[in-house]
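Biologist: I'm new to reading protein models, and I'd like to learn feature by feature. Could you walk me through this one?

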Amino acid sequence: MSVGKIIVILGAPGSGKGTQAKRLQEKFSVPQISTGDILRAIAKEGFSLLAEQIRETQAAGKLVSDEILIQVVSERTQKEDCKKGFILDGYPRTLGQAQQLEGLALSQEREIKVVNVDILDSLLLKRLTGRRSCPSCGEIYNIYFKPPKSNNICDHCSEFLIHRSDDNLESINKRLQEYRKNTEPLIDYYKKHQCLSSIDGTQSPDEVFELLCQIFQ
Ligand SMILES: [Zn+2]
């Protein structure tokens with residue numbers, strides 16, 4: 001991977017981009033930076049003004065402001081482990097955030113590289129609504145793509161499988177709509193800036209990972 005790149009992976013919920021980001025982190029030895037994780041950590045441990053602001057915002061059920069997000073990303077990415085580059089997870093989510101990230105890249109003298117993992121909504125819906133997990137061993141199944149041998153029972157420990165409450169059709173549709181509304185304009189934005197590649201996300205996770213490695217090497 002060339003030095004100092006900022007890697008952004010775009011993809012709808014269910015596109016598997018989180019898992020792919022983790023695999024890329026191992027392959028290229030650059031950190032995967034999740035704004036959600038950082039905010040949770042600051043809110044939990046910190047006594048700073050920032051920690052207070054984040055706790056108040058989250059308690060009110062609101063989204064943390066773009067100003068706080070870019071501040072958090074900026075601070076985190078100045079650490080030693082980001083020298084070789086880093087992978088952003090869950091950021092940027094909006095056009096405004098993408099513009100702020102552009103400013104950060106300029107000041108850190110880094111290049112932004114973006115990949116969009118593209119999947120049809122119909123497939124995303126099956127991936128998300130079909131998901132079942134075992135409460136005992138944690139094995140993940142999908143009733144469409146990776147069903148257990150006997151209906152709704154874990155192959156390993158014979159426990160009944162669980163269906164997460166936010167994996168229902170209504171909440172998934174809401175998440176997809178939010179994604180389309182806020183994040184899809186980013187695809188056009190990065191196309192114009194000529195730093196976007198697209199990958200067909202209907203392929204297997206291993207095939208998608210192979211393509212990502214080719215793009216980022
Ligand atoms: Zn199990």
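Biologist: Let's start with helix packing: which residues in H4 meet residues in H5?

Modeller: One thing before we go in: this is a predicted model. To read a helix pair, list who touches whom across the gap. Here Asp 66, Leu 69, Ile 70, Val 73 and Ser 74 on the H4 side meet Gly 96, Gln 97, Gln 100 and Leu 104 on the H5 side. Sorted by class, that contact has 4 nonpolar, 4 polar and 1 charged residues.

Biologist: And at what angle do the axes of H4 and H5 cross?

Modeller: For that, picture a line through each helix. H4 covers residues 66-76 and H5 covers residues 95-107; their axes come within 10 Å and cross at roughly 35 degrees. A crossing also has a hand, and the one between H4 and H5 is right-handed.

Biologist: I see Ser 107 in H5 too. Is Ser 107 buried or exposed?

Modeller: The trick is to count neighbours: 12 or fewer other C-beta atoms within 10 Å makes a residue exposed, and 20 or more makes a residue buried. Ser 107, which sits in helix H5, has 8 other C-beta atoms within 10 Å, so Ser 107 is exposed. You can also check distances in space against distances in sequence: Ser 107 and Ser 74 are 33 residues apart along the chain, while their C-alpha atoms are 9.9 Å apart.

Biologist: Let me try that on a strand. Where is Gly 85, and why is Gly 85 counted as buried?

Modeller: Gly 85 belongs to strand E3. Gly 85 is buried because 21 other C-beta atoms lie within 10 Å. Its distance to Ser 29 is worth a look as well: the two are 56 residues apart in sequence, yet 9.1 Å apart from C-alpha to C-alpha.

Biologist: What about the greasy residues? Which ones have the most contacts inside the largest nonpolar core?

Modeller: The general idea is that nonpolar side chains tend to be buried together in soluble globular proteins. In this model the largest nonpolar core has 33 residues, and Val 8, Ile 9, Ile 87 and Leu 88 have the most contacts inside it. Strand E1, residues 5-11, gives the most to this core, with 5 residues. Take Leu 88: leaving out neighbours within four places in sequence, Leu 88 is in contact with Ile 6, Ile 7, Val 8 and Ile 33.

Biologist: Now a helix residue. What does Leu 128 touch?

Modeller: Leu 128 lies in helix H6, residues 121-129. Not counting residues up to four places away in sequence, Leu 128 touches Pro 13, Gly 14, Asp 167 and Ile 172. Leu 128 counts as buried because there are 22 C-beta neighbours inside 10 Å. Leu 128 and Asn 168 are 40 residues apart in sequence, and 8.1 Å separates their C-alpha atoms.

Biologist: Let's look at the backbone. Which residues does the cis peptide bond join?

Modeller: For this you read omega, the twist about the peptide bond. The cis bond joins Tyr 91 and Pro 92, with omega at about -5 degrees. Pro 92 is in the loop between strand E3 and H5.

Biologist: And where do I find positive phi in residues other than glycine?

Modeller: Look at phi residue by residue. Glu 109 has a positive phi of about 55 degrees, and Glu 109 is in the loop between H5 and strand E4. With 7 other C-beta atoms within 10 Å, Glu 109 is exposed. Ser 158 has phi near 60 degrees, and its place is the loop between strand E6 and helix H7. Ser 158 counts as exposed, with 11 C-beta neighbours inside 10 Å.

Biologist: Last, the whole chain. How many helices and strands are there?

Modeller: The chain has 9 helices and 7 strands. For overall shape, try the radius of gyration: a compact globule of 217 residues would have one near 17 Å, and the chain's 19 Å agrees with that. The C-alpha atoms fill a box of roughly 55 × 40 × 30 Å along the principal axes. Buried residues make up 26% of the 217 residues. Among contacts between residues at least 6 apart in sequence, 70% join residues at least 24 apart.

Terms used
Residues numbered from 1 in each chain as written. Predicted model: local features only at pLDDT ≥ 70, side-chain atom pairs only at ≥ 80, totals over all residues. Axes fitted to C-alpha atoms, helices over the stretch in contact; angles between N-to-C directions. Helix = DSSP H or I, 4+ residues; strand = E, 2+ residues; numbered from the N terminus. Left-handed = near helix turned anticlockwise from the far one by under 90°. Contact = placed C-beta atoms within 7 Å. Nonpolar A, V, L, I, M, F, W, Y, C, P; charged D, E, K, R; others polar. Rg over C-alpha atoms; globule rule 2.2 N^0.38 Å. Core = buried A, V, L, I, M, F, W, Y, C linked by C-beta atoms within 7 Å.
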